[in-house]
Amino acid sequence: MKPTDPDLHAVAPRRRRLRAIAPAGIALALALVASACGASASATAGRVPTVHEYLSILTGGMVKRPGWPKYVPADVVIPAGARVVVTISSFDDGTAPMPSLQTRYDKVFGTTGGSETVNGRRVTAIPNEDLAHTFTVPTLGINVPIPATTPHGPDGITPVNVTFSFVAPKAGTYRFECMAPCGSGPTGMGGPMDTFGWMEGNITVT
């Protein structure tokens, strides 16, 4: 269920710039999606295992549904107590800045060290005007802002890569979602924003 904070209903419509994606860009996205199915875990006796998870944010144009960005995969399974390293590759070059009362979501919190890396550069926040999406797990107190990527020429987009880590909690199912107004409707909070499998998904801890 989406948050019911009154200020969430005041968000402005998203300013999305739809661009054609080159076949090479789509191929790269599909490769990243495929790699998500093969997350690896390594552990030695007496040490906490490390699990690597890979997600992509595809644009509506890439999934043939304009205006509907999509997290892929929408279901992530991790072992309890593991150190989880997540890399999100976003192909979206549209921005979805938060309204002034919600700008806490342009800051990183709940991750290891309270930071993330963007294309290898450590940051603790993303300028609101550059915000495209977030990876937010309300029940775990995790928020990771994701900036819009930059188009590279007329033929395609190179993704922006955001990496962060956290320690997996006890077994259970935890919902992740985007808090930026990247959807449809007058507030930008409709469509993919409140449809499971698009900008919402599950983390299952076993």
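## Aromatic rings, charges and the nonpolar core

Tyr-71, Phe-135, Phe-164, Phe-166 and Phe-176 make up one aromatic cluster. The model described here is a predicted one. In total, six aromatic pairs are present in the structure.

One of these pairs joins Tyr-71 to Phe-135 in an edge-to-face arrangement, with 6.0 Å from centre to centre and 75° between the planes. The two residues come from distant parts of the chain: Tyr-71 belongs to strand β3 (residues 70-72) and Phe-135 to strand β8 (residues 131-137), 64 residues apart. Tyr-71 counts as buried because its relative accessibility is 0%. Phe-135 is also a buried residue, its relative accessible area being 3%.

Phe-135 takes part in a further pair, with Phe-164. Here the ring centres are 5.6 Å apart and the planes meet at 45°, so the pair is classed as tilted. This pair, too, links distant parts of the chain, with Phe-135 in strand β8 and Phe-164 in strand β10 (residues 160-167), 29 residues apart. Phe-164 has a relative accessible area of 3% and is therefore buried.

What does Phe-135 touch, leaving aside its neighbours within four places in sequence? Its contacts include Leu-55, Tyr-71, Ile-88, Phe-164, Phe-176 and Ile-203. Also among them are Ile-142, Asn-143, Val-144, Ile-146 and Glu-177.

Some of these names return in the nonpolar core. The largest such core holds 38 residues, and those that touch the most other members are Leu-55, Tyr-71, Ile-78, Ile-88, Phe-135 and Ile-203. At least two residues of this core are supplied by each of the strands β2 (50-58), β4 (75-78), β5 (83-90), β8, β9 (142-147), β10, β11 and β12. Which strand gives the most to this core? That strand is β10, with four residues.

The next topic is charge. Side chains of opposite charge can pair when their charged atoms come close. Two salt bridges are found in a search of the whole structure. They are listed below.

| Salt bridge | N to O distance |
|---|---|
| Lys-107 and Asp-106 | 3.2 Å |
| Arg-175 and Glu-200 | 3.2 Å |

The bridge between Arg-175 and Glu-200 can be placed on the chain as follows. Arg-175 is in strand β11 (residues 172-177) and Glu-200 is in strand β12 (residues 200-205), so the pair ties together parts that are 25 residues apart in sequence. Is Arg-175 buried or partly exposed? Arg-175 is partly exposed, because its relative accessible area is 31%. Glu-200, by contrast, is buried, with a relative accessible area of 5%.

In the other bridge, Lys-107 is partly exposed at 42% relative accessibility. Its partner Asp-106 is buried, as the relative accessible area is 7%. In each bridge, then, a partly exposed basic residue, Lys-107 or Arg-175, meets a buried acidic one, Asp-106 or Glu-200.

Charged groups also lie over an aromatic ring. Which residue has its charged end over the ring of Trp-198, 5.3 Å from its centre? This residue is Arg-65. Lys-70 is placed over the face of Trp-198 as well, at 4.3 Å from the ring centre.

How values were computed:
Residues numbered from 1 in each chain as written. Predicted model: local features only at pLDDT ≥ 70, side-chain atom pairs only at ≥ 80, totals over all residues. Heavy atoms only, no water. Phe/Tyr/Trp six-rings, centres within 6.5 Å; stacked < 30°, edge-to-face > 60°. Buried < 20%, exposed > 50% of the residue type's maximum accessible area, 1.4 Å probe, protein only. Lys NZ or Arg CZ within 6 Å of the ring centre and 35° of its normal. Salt bridge = Lys/Arg side-chain N within 4 Å of Asp/Glu carboxyl O. Core = buried A, V, L, I, M, F, W, Y, C linked by side-chain atoms within 4.5 Å. Contact = heavy atoms within 4.5 Å.
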